[in-house]
Every structure is written in C-alpha cells, then in structure tokens.
Amino acid sequence: MKQPPDTEICRAPLTDAELASLARRVREWARELGFSAIGICDTDLSHAEAALAAWIDAGYHGEMDYMAKHGMKRARPAELVPGTQRVISARMPYLPAETPASWRAREHARLADPNAAVVSIYARGRDYHKVMRQRLQRLAERIEAAIGPLGYRVFTDSAPVLEVELAQKAGLGWRGKHTLLLDRDAGSLFFLGEIFVDVPLPTDAQSQPSRAPQHAGAHCGACTRCIDACPTGAIVAPYRLDARKCISYLTIELRGSIPVELREAIGNRVYGCDDCQLVCPWNKFAQPSGCADFDVRNGLDGAQLTELFSWSEQDFDTRLAGSAIRRIGYERWLRNLAVGLGNALRAGGGAAGRDAVLAALRKREDDPSALVREHVRWALDHG
C-alpha cells in the first residue's frame, strides 16, 4: 500500500475544472483496465450505521470477528483511513467469457445432481482479490502520475469496508434483498473494489445526476425469489442476512465443525453458494467478463465429489495455486466435500454411484484431521 491518505502530502490544489477533468479520465482509465463501471462518492455513510450496529449486535457475523473489531469505522471511511475525502468504487464482472446463454439452467442441473461438486462461479478461476487489487493499484498509480503525490489505499473484500453501501452511493446499483449489489444492466455477478483517496473529486451525484445513488431495493419490488431460494434460510428478512446460516460462510469462513442441523441443506455445494443469484430475474442481464483470469480452471464447473475428495494435499496446493479456494486450506476443503458426499449417499443415485461414494469416504475414516474424521463419520451414518 502506498502513501495512505493520512500521510501529509505536498501537492498543489486542483481547481474544480481540473478535478472534473480528472474524474472523467479516471472513468476512462478504469474501462481500459477492464472495470465495467466506476463511481465516486463522499465518505458519509451515517445512514448505514444503525443497521450495521443491529446486525453485529444480533451476532449475524458469526466467527467473522473482523466485522465487529473496528466498530463504526466500517461505516466511516475517513476514520478507517484518515485523510480520505472520496471513495472510487469499481465493478468488474466475473461470469466466464465462454458462458452460454443457458448458464443458469446448467447450474440448476448441477445442483440437482447429488454427485456433482458445486463450486461458486466466482471461485472457479483466479483469485479475484489478486486480480482486482492489481488493477485498482494500477488505476491509483495512473491518478498519481497525472496529479503528483497521492494519498490512497486500495481495498477489495480485504478490510472492514462497507462495499455495497459505497457502491450504491457511487451510483453503481442498489442493494438487493439478498444484500448483494444489483444493477439493471448487469445483475449481480461482479466483484467490487475501492480506492480511498485524499482528493476531493466531484462525486457521482455531482457529476452525473442521472446516476445518483439508488435507494435500497429500488428495483426489487415485491419479488422474494432470493429469500425463498436460500437453502438454509439465511436471508432472515429483506436486506438482512444471518451469515451463520449462509452456505458461503459455512463452507469458507467457518473454521470448525459445520452445524449438524445445516449439513443436509448444504447439499453438494462445496465452496460458496449462488442460489440467491441464480433465481434473481436481473441476472438474465449478467455480463460475461473480458478478463481471462476468471475463466474456469481445473474443470471446476463439472467436477465430481469423489474426484475432488481423492486429491492429496499436494494436489490441492498445486492445482488450486492462485485460486481463492486455496485460502480455506486442505482440511476445510475435505470437510466440505465430506458433507457433500454424505448428502449424495442419502440421495441414492444407483448402486455403482453409491459404492464409489462409500469407498471414497471409507478411505478417509482415519484421516489425520479430527475435523475431517467427524464429517466423514457423519456422512457414512447419514447415508
């Protein structure tokens, strides 16, 4: 991170005309770097503080202690990074370029196949943290090259930042009832990232009134498909998610044992969950990515549970190098797959398929990890 905004910087003040010109160039540079949309907002998120406090007080953040650790700094960018005057919010689509128009039907078919290992679409390619961070860094460097020393800090799902609130305020979309950002022309299959800067750029509402921040649920109407589709009932109310029940949390963030009462509902989802996005009508407009980094690797759009469960730790480390999945580690990877295999056993699927699942599980009954052994035993008993 270079020159955070709290560093005292000597730079000639920019006129309003120069700032407006810079904002236009920032958008042009962002498009050149592969971002599909860019927005600029101020640092006032006071409207979000009450909801954030209530969410944390309810314990909905689970084991994600970092959500509560910084208190209201998450809703106060200028306190989180002193000196920040504006936030540049960026959006980048991640649907692989070769994705067919019928992609949602294909995903539903995979979910209906108990032996399929379903990995969330965003995680099938290269780790988005790296891709987004590198491009945001390059954007910040272009700004610095244009105006001189710049105080900035880059974020992409990497710190206690209210990304959706910032993106909404910057005019990039509205918060859907599943709590994700939605856009009428792009759905929700995109990553968000931010650059906190110490330059008073004109905000999106100032420079483009037609793209002023949209109100929560502005274009969701009476639709509740995402709420109804959640396998574990994690969307406890419109715009309110109990992360402790969310399959993405359970398979990625949770370090220990997955609650027994939620294992069956996880089905064959072994890393993340896309169900709320698959049923969202706006995702018929989801845009394919122009970034090859998000193309599918290791056949993760068609893998079987038994295939992935057979990987050694070296296989896991080697094949998933550069993947977001590698962040959870081999032990949790096996834990998730064991749950999927237990659900596959329960679903039946023919003698041959059942025998293959049983054989895979029995090979790991004496796994060195107590966490893996527990989930394997549950899988065998469950089936």
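Visitor: In this predicted model, which residue forms a salt bridge with D127, and how far apart are the closest N and O atoms?

Guide: A salt bridge needs a side-chain nitrogen of Lys or Arg within 4 Å of a carboxyl oxygen of Asp or Glu. D127 brings the Asp side of the pair, and its partner is R327, with the closest N and O atoms at 2.7 Å.

Visitor: Okay, so which domains does the protein have, and how far apart are their centres?

Guide: The domain assignment gives domain 1 (16–98 + 125–211) and domain 2 (224–286 + 295–382). Taken over C-alpha atoms, their centres are separated by 30 Å.

Visitor: How many residues of each domain are in contact with the other?

Guide: Let's count from both sides, with contact meaning heavy atoms within 4.5 Å. On the domain 2 side there are 31 residues, and on the domain 1 side there are 34.

Visitor: What area do the two domains bury between them, and which three residues supply the most on the domain 1 side?

Guide: The size of an interface is often given as the accessible area lost when the parts come together. Here that comes to about 2700 Å², with 58% of it on carbon and sulfur atoms. For domain 1, 26% of the area buried against domain 2 comes from three residues, more than from any other three: Y60, E63 and K177.

Visitor: How many salt bridges and polar contacts cross that interface?

Guide: Start with the charged pairs: the rule finds 2 salt bridges across the interface of domain 1 and domain 2. For residue pairs in polar contact there, the count is 11.

Visitor: Which residues are closest to the centre of the second largest pocket?

Guide: This pocket has a volume of about 180 Å³. Each of domain 1 and domain 2 gives at least three residues to its lining, which by class has 6 nonpolar, 1 polar and 6 charged residues. Of the 13 lining residues, the closest to the centre are P96, T99, P100, V296 and D301.

Visitor: What about cavities: how many are there, and how much space lies in the largest?

Guide: The structure holds 2 cavities of 30 Å³ or more. Residues lining the largest one include E107, R269 and D275, and the space inside is about 50 Å³.

Definitions and conventions
Residues numbered from 1 in each chain as written. Predicted model: local features only at pLDDT ≥ 70, side-chain atom pairs only at ≥ 80, totals over all residues. Heavy atoms only, no water. 1 Å grid on protein atoms, 1.4 Å probe; cavity = no way out; pocket = protein on both sides within 12 Å on 5 of 7 lines; lining within 4 Å. Points joined across faces, edges and corners; volume = space filled by probe spheres on them. Nonpolar A, V, L, I, M, F, W, Y, C, P; charged D, E, K, R; others polar. Domains from an automatic or database assignment. Buried area = accessible area lost by both parts, 1.4 Å probe. Polar contact = N/O pair within 3.5 Å; in protein donor to acceptor, adjacent residues only side chain to side chain.
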